Amino acid sequence: MKIKFEFPNGYKAEMQKARDDNDFDAWVIRKFTRPIRPLISEPFDIQIDASHFIIDFATDEDAEVFLTLIGGRVIE
């Protein structure tokens, strides 16, 4: 299952600092995937863009954990 998560406006300052530090992708991973890693069973793929990211989970159960804890919307 693929989920699209659009960055809320409240993260603009943090996002800009991460971009300025050339650390944006790592910031996204720390901020949005680290909290769920202990709760999911399979690896996932993530595509990071300036305004959103798309995360592709191997199992629907793992995707449901992400949706419940982080949010986003199912796109596939």
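1. Before we look at helices and strands together, one definition helps: contact means heavy atoms within 4.5 Å, and angles run from 0 to 180 degrees between N-to-C directions. With that in hand, find α3, which lies across β1, β3 and β4 and runs at about 150° to β3. Please keep in mind that you are looking at a predicted model.

2. Let's turn to the sheet. How many strands form it, and in what order? Four strands make an open sheet, ordered β2-β3-β1-β4, with antiparallel pairing. Its edge strands are β2 (44–48) and β4 (73–74), each of which pairs on one side only.

3. Now follow β3 and its two neighbours. β2 and β3 run antiparallel and are joined by five bridges. They form a hairpin, with three residues between the two strands. To trace this pairing on screen, look for Ile48, which stands opposite Phe53 of β3, and for Phe44, whose bridge partner in β3 is Phe57. On the β1 side, five bridges join β1 to β3, again in an antiparallel run. Here Glu6 stands opposite His52 of β3.

4. Is β3 enclosed or open to the outside? Five of its six residues are buried, so β3 is largely enclosed by the rest of the structure. A second helix also covers this region: α2 lies across β1, β2 and β3, running at about 130° to β2.

5. The next thing to find is the largest nonpolar core, which has 18 residues. Which residues have the most contacts inside it? They are Phe7, Trp27, Phe53 and Phe57. Two or more core residues come from each of β1 (2–6), α1 (12–20), α2 (24–33), β3 (52–57) and α3 (60–69). The largest share, four residues, belongs to α2.

6. Phe53 deserves a closer look, as it links the points above. This residue is among those with the most contacts inside the core, and it is also the β3 residue opposite Ile48. Leaving aside residues up to four places away in sequence, Phe53 touches Ile3, Lys4, Phe5, Phe7, Val28, Phe32, Ile46, Gln47, Ile48 and Phe66.

7. How do α1 and α2 meet? In general, two packed helices are described by the angle between their axes and the distance between the axes. The axes of α1 and α2 come within 7 Å and cross at roughly 135°. That angle is neither over 145 degrees nor in the 65 to 115 range, and the two helices are therefore oblique to each other. Glu14, Met15, Ala18 and Arg19 of α1 make the contact with Phe24, Trp27 and Lys31 of α2. You have met Trp27 already, as one of the core residues with the most contacts.

8. Two residues make good practice for judging exposure. Gln16 is in helix α1. Is Gln16 buried, exposed or partly exposed? Its relative accessibility is 40%; because partly exposed lies between the 20% and 50% cut-offs, Gln16 counts as partly exposed. The Gln16 side chain also makes a polar contact, at 2.8 Å, with the side chain of Asp20.

9. The other residue is Thr59, in the loop between β3 and α3. Thr59 has 18% relative accessibility and so counts as buried, since the cut-off for that label is under 20%. Which residues does Thr59 touch? Not counting residues up to four places away in sequence, Thr59 touches Ser41 and Glu42.

Conventions: Residues numbered from 1 in each chain as written. Predicted model: local features only at pLDDT ≥ 70, side-chain atom pairs only at ≥ 80, totals over all residues. Heavy atoms only, no water. Core = buried A, V, L, I, M, F, W, Y, C linked by side-chain atoms within 4.5 Å. Buried < 20%, exposed > 50% of the residue type's maximum accessible area, 1.4 Å probe, protein only. Polar contact = N/O pair within 3.5 Å; in protein donor to acceptor, adjacent residues only side chain to side chain. Pairing = 2+ DSSP bridges. Parallel < 35°, antiparallel > 145°, perpendicular 65-115°, else oblique.
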